[in-house]
Amino acid sequence: VTMQDIGVRRAAEATVRLDGADFATFERMTIQDWNCANGEDQYRAGIASWGGGRNLTVRQSTLEHRAGGSDVGFGNGIWIKNTGPSAGGGHVIEDNLITGGFDGIGGEPEDVSWGGMNRDTVIRRNTITDCNDDGIQAEGGTQNVTIANNTVRRCLIGIAIAPALTGPLTIVRNVVSEPQPWRGEGPAMFKVGDGSVGEVRIYHNSFFAGSQAADGLKQTNTGVQNLHLLNNAIFASRYVIETMSHTGSMTADYDALQTSDGDRFVKWNDSRYHPLSAFQGAGEEAHGIGPSNFGWDGALRPLVGSPLIDKAARIPGVNDGFTGAAPDIGAFEFGSPA
């Protein structure tokens, strides 16, 4: 079933509801005012897929919460409910504008290896703003899931991966900025933890916290491993990286790391490091840099003379098309379009 160029609004719960529907496609939709009854549930969504439906596609659509006179609220923009290992997966969510609600894009259950997106899913080129919780929530099943080229602004968490239970999950060239302490909680670029064991590759992302106290990568509960940071530009206003209990393979290198907090910089497995040279002495960020000014514009693109230029590591298949002597740190190569 394909729906195109349709507007739907003012629903008490979900504005569009699917029940066990496979291969449903929504293109150029305008979806507004979900969860007008103001229930505190994620399934009261702009688009709610129940029952483990496979191969949901949502593209080039506009979803805005607006219910109760506010964009920020409850009910996800897009919510996916999976039901078992052989259900779900194969989703494509791309080129959408999602404003408000709880999570911009998310799913359930969050604590089983087949939950949420499950597998073989691409979330790319979406602009997500003003969410009460996560801009993008990829928790539970994360087998062959890619989150790429998204812009997330004014959400509590940019991208949540607590936990990633399968993998590989690739998070590449996303821009997160201006996180907000909605519901009185601490904002961050990434949320990790909760027994996360799947491989997570965090490459070429950019973050600017702005005036709010916010972490870059933050562990919120115990247990995380197999997470790899490479070529990211993170300008936080609290900890740049904060993990309290990680085990196994955890690496960070070729990142640009800075914070406006004079007392905090990195907490790595519950040990604090300040400045960058102390963290390097602990065996991480051997090629990392810590400039006080990243030299980027309002879209977090490097300007002429930026210290991010030509400082990233080669990743075959990810940054092959670079210009200059080496790839640039962060989401953008110098001179590329936004």
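Biologist: What does the secondary structure of the protein chain come to?
Modeller: One helix and 31 strands. These are DSSP runs numbered from the N terminus, with at least four residues for helices (H or I) and at least two for strands (E). This is a predicted model, where local features need pLDDT of at least 70, side-chain atom pairs count only at 80 or more, and totals for chains, interfaces and linings use all residues. Residues are numbered from 1 along each chain as its sequence is written, and side-chain values use heavy atoms, without hydrogens or water.

Biologist: How compact is the protein chain?
Modeller: As compact as a globular protein of that length, because its radius of gyration is 19 Å, close to the 20 Å from the globule rule for 338 residues. The radius is taken over C-alpha atoms, and the rule is 2.2 Å times the number of residues to the power 0.38.

Biologist: And what box do the C-alpha atoms fill?
Modeller: Roughly 55 × 40 × 40 Å, along the principal axes.

Biologist: Switching to the sheet. What is the strand order?
Modeller: E2-E5-E8-E11-E14-E17-E20-E23-E26-E29, an open sheet of ten strands with parallel pairing. Two strands pair if DSSP finds at least two bridges between them.

Biologist: Which are the edge strands?
Modeller: E2 (7-9) and E29 (256-259), each pairing on one side only.

Biologist: How many bridges join E11 to E14?
Modeller: Three, between residues 97-99 and residues 127-129. Threonine 99 stands opposite threonine 129 in E14.

Biologist: What share of the residues is buried?
Modeller: 57% of the 338 residues in the protein chain. Buried means under 20% relative accessible area (1.4 Å probe, protein chains only).

Definitions and conventions:
Buried means under 20% relative accessible area, exposed over 50%, partly exposed in between (1.4 Å probe, protein chains only).
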